[in-house]
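Me: Please take a close look at one part of the structure below, and then set it in the context of the rest of the chain.
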Amino acid sequence: MEEKVVAFLSSFSMLLMGICLIVLMRFPNFHATALALSEQAGQSGRSVSGSVLSMLKDDSSLLKTSQDYIELQQHQIRLEIPTSVDMDQISVSEKYMSKEILLSIPGVGDTYFYDYPMIGKTEGISDMRYEVYDHVGMIDISTNHIFEPEITQSGNYLYLDFKRPKKIYDYLVAIDAGHGAEDPGAVQGDVYEKDINLGIVRQLKKLFDKDKHNIGVYYTRLKDTNPDFPDRVELPNDLKTDAFVSVHINSTDSGRLSGISGASVMYMVTDKTGESKELAGYILDHMLFEMGSASKGLVPGDELYVLRMTDGPSVLCECGFLTNPEEQALLRTKEYQRKIAMGIYLGILQKLGIED
Ligand SMILES: [Zn+2]
């Protein structure tokens, strides 16, 4: 190659590199934008992500046969599932504290709702969002009330229905582990009330999970989280529970160690049902029997938000004193937490009138 041509080519490529550098410096998102555009261009149809509630239509013109029409009448939403998708891989779950129902369909993409229109009624639904993560279509449905989702398969169709818990269960119970996350509750050294409350509630869940009666049990938290007070009372109020029990550990007003010990149950004096004191009495009796601890009695607790704002029977258990060294040692053991849970469980069963 002649020297002149080489010189021209090298200066040309230098110029090109310079232009690229300026473009990249001026538009730092250039690469990301280009990638997004090329991905969109590569798709066959229109893509959707975000709210898809407006795409849920009660449109019978999309139905092929009269049998389809009859089937849809019995359900709320019909989703058509591509034949390439394995029906067994579809899962439905719920997040009742935020009134959400989640449906995941592996193997559907961004154009799913255009390629396979859904049909049904928007009743009870406040929003429906759709995103694709790692080739899994995630449908997140926000509802006006707490519902239990129910899916039925018929050929390539998946029917989704929402059932109110009252229609499924004979009894409804809500359990609240006090405090959580940034709110430790009472503290003694490295012992936090929030952890003991959660330990007791987890034992209570084990008992309810094994229970053979048709009781629907809902928990404000099963992890180290701190739902706010309105959300904690919205759970029993939306469900219209037969019993709401908040679990706490007591401490002296000063927070200093003392000989004061024992369990008490607080209740709402002026509740609408007039049944809170009865529930508190049953729970305290069973707790004292199971735990063998001293009684601090039944205590009016109308000043407490979680009792005052709950519509149905509601109580708050103070299971013992963190400020009493002997009782604290017991409260920290799984065995004692299990005894407390058994007392609360049996007290609730007695209130529901289903003692074994
Ligand atoms: Zn507390």
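With which residue does the side chain of K194 meet in a salt bridge, and at what N to O distance?

Reply: The partner of K194 is D224, and the salt bridge between their side chains is 3.1 Å from N to O. K194 belongs to helix α6 (residues 193-210) and D224 to the loop between β13 (215-219) and α7 (229-239), so the salt bridge ties together parts that are 30 residues apart in sequence. A salt bridge here is a side-chain nitrogen of Lys or Arg within 4 Å of a carboxyl oxygen of Asp or Glu. Helices (H or I, at least four residues) and strands (E, at least two) are DSSP runs, numbered from the N terminus.

The model is predicted, and local features need pLDDT of at least 70, side-chain atom pairs count only at pLDDT 80 or more, while totals for chains, interfaces and linings use all residues. Residues are numbered from 1 along each chain as its sequence is written, and side-chain values use heavy atoms, with hydrogens and water left out.

The two ends of this salt bridge are covered to different extents: K194 has a relative accessibility of 8% and counts as buried, whereas D224, at 41%, counts as partly exposed. Buried means under 20% relative accessible area, exposed over 50%, and partly exposed in between, with a 1.4 Å probe and protein chains only.

E193, the residue before K194 in sequence, is a zinc ligand. The protein donors of the zinc ion are E193 (OE), H179 (NE2) and H248 (ND1), at 2.1 to 2.2 Å from the ion. The spacing of these donor residues in sequence is H-x13-E-x54-H. H179 sits in the loop between β10 (171-177) and β11 (187-188), and H248 sits in strand β14 (residues 243-250), so the two histidines tie together parts that are 69 residues apart in sequence. Both are buried: H179 has a relative accessible area of 19% and H248 one of 12%. Donors are N, O and S atoms within 2.8 Å of the metal (3.2 Å for Na, K and Ca), and water is not among the atoms, so the site may look incomplete.

The salt bridge of K194 and D224 belongs to a wider set, as the count for the structure is 13 salt bridges. In another, D311 pairs with K272, the closest N and O atoms being 3.0 Å apart. This pair also links distant parts of the chain, with D311 in the loop between α9 (305-308) and β17 (314-321) and K272 in the loop between β15 (263-267) and α8 (276-291), 39 residues apart. D311 is partly exposed at 33% relative accessibility, and K272 is exposed at 71%.

K351 and E278 form a further salt bridge, with 3.9 Å between the closest N and O atoms. Here K351 lies in helix α11 (residues 334-352) and E278 in helix α8, 73 residues apart. K351 is buried, at a relative accessible area of 16%, while E278 is partly exposed, at 36%. Through salt bridges that share partners, E275, E278 and K351 form one network.

Another lysine, K99, has a polar contact. K99 lies in the loop between β3 (91-95) and β4 (100-106) and is buried, with a relative accessible area of 16%. Its side chain makes a polar contact of 2.6 Å with that of E234. A polar contact is a pair of N or O atoms within 3.5 Å; within protein, one must be able to donate a hydrogen and the other to accept it, and residues adjacent in sequence count only if both atoms are side-chain atoms. Leaving aside neighbours within four places in sequence, K99 is in contact (heavy atoms within 4.5 Å) with residues including H145, E234 and D238.

As for cysteines, the count is 0 disulfides. C317 is in none, and the nearest cysteine sulfur, that of C319, is 5.3 Å away. A disulfide is a pair of cysteine sulfur atoms within 2.5 Å. C317 and C319 are both buried at 0%.

For the whole protein chain, there are 11 helices and 17 strands, and buried residues make up 44% of its 356 residues. Of its contacts with a separation of 6 or more, 73% are between residues 24 or more positions apart.
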